[in-house]
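Visitor: I am new to this structure and would love a close look at one small part of it. Could you choose a spot and walk me round it?

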Amino acid sequence: IQSFEMHYEVHEGIVDKDTLAIHGNLASNAWWEPTIEVLKKQSQGKKPGRFIAAEWRGCGKSQTLLSEKELSLPILANDYNELLKFLNVQGCAVIGHSTGGLIALHSMRSAPSLYSRALLLDPVGATGVQFGPEMYEAFTAMSKSREICAAVMTGTISKSMDTLFLNRLIDDAFHVHPLIWHGVAKMLHSVDFRPELAKIQQPVLVLHGELDAILKKEDSL
């Protein structure tokens, strides 16, 4: 598999223990910025842990993506495990949003010593997501038009969000690598992580928002 440069950010002193944050599909580290600002105010930089946000292949500032094969969950999970080894992190907490939640579970299963617990926010379920032809058509339309991308993204995000920040999220979505648009959907279509769930020993907390219009609670974990 082609090696790549993973973009990551480390925020010192804002959490109780080292914490890895994994964003969802069509996203970037920008999605964690409101959380980071709250943590900074609460901690005043005096806590012992680091908040580590990293972008997966084809998203944000991470490079490179040469094939849809690189969007397999084992490969994406291994990228995060290698990052933690590089940063000399052991027993960290992990937060995963949407598809990032499923990546987090794969990471924990493949390298359990690196993780102590997980918080999954509206995660994709163990059997993935089954997208119909109309969704692939929608992804294609989003990839070709920022206006369409903005319309879809705006429908998934709180109406109270700052307009400038919302535009940043839309820009990051619109500028993902071209292979992301259909590649992630294809990957999630063939997922079945159920046999591995019982083998995860660390505590896992799943939170699901009542207003999530994209991923229904019954399709989550």
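Guide: Gladly! A few words first: helices (H or I, at least four residues) and strands (E, at least two) are DSSP runs, numbered from the N terminus. The model is a predicted one, in which local features need pLDDT of at least 70, side-chain atom pairs count only at pLDDT 80 or more, and totals for chains, interfaces and linings use all residues. Residues are numbered from 1 along each chain as its sequence is written, and side-chain values use heavy atoms, with hydrogens and water left out.

Let us visit strand β2 and the loop that leads from it to α1. β2 covers residues 19-22. T19 and A21 point one way from this strand, while L20 and I22 point the other way. All four are buried (under 20% relative accessible area; exposed is over 50% and partly exposed in between, with a 1.4 Å probe and protein chains only).

β2 has partners, where two strands pair if DSSP finds at least two bridges between them. Four bridges join β2 to β3, residues 49-54, and these strands run parallel. Within that pairing, I22 is bridged to A54 of β3. β2 also runs parallel to β4, again with four bridges, and there A21 has I95 as its bridge partner. Together β2, α1 and β3 form a right-handed β-α-β unit: with the strands pointing away from the viewer, the path from the first strand over the helix to the second runs clockwise.

Now step into the loop between β2 and α1, where L26 sits. L26 is not a glycine, yet its phi is positive, about 55 degrees. With 7% relative accessibility, L26 counts as buried. D122 shares the feature of a positive phi without being a glycine, at about 45 degrees; its place is the loop between β5 and α4, and its relative accessible area of 12% makes it buried.

Back in our loop we meet W32, whose ring is edge-to-face with that of F51 because the centres are 6.4 Å apart and the planes stand at 70 degrees. (Rings of Phe, Tyr and Trp, its six-membered ring, pair if their centres lie within 6.5 Å; planes under 30 degrees apart are stacked, over 60 edge-to-face and the rest tilted.) W32 lies in the loop between β2 and α1 and F51 in strand β3, so the pair ties together parts that are 19 residues apart in sequence. Both rings belong to buried residues: W32 has 6% relative accessibility and F51 has 1%. The whole structure holds two aromatic pairs. F131 and F139 make an edge-to-face pair too, 5.6 Å from centre to centre with 75 degrees between the planes. Here F131 is partly exposed at 22%, whereas F139 is buried at 7%.

Finally, T19 brings us to the second largest pocket, being among the residues nearest its centre, along with A93, I95, R117 and L119. A pocket is an open set of points on a 1 Å grid over the protein atoms alone, where a 1.4 Å probe fits, with protein on both sides within 12 Å along at least five of seven lines; lining residues have an atom within 4 Å of a point. This pocket has 16 lining residues, and β1, α1, β4, β5 and β6 each supply at least two of them.
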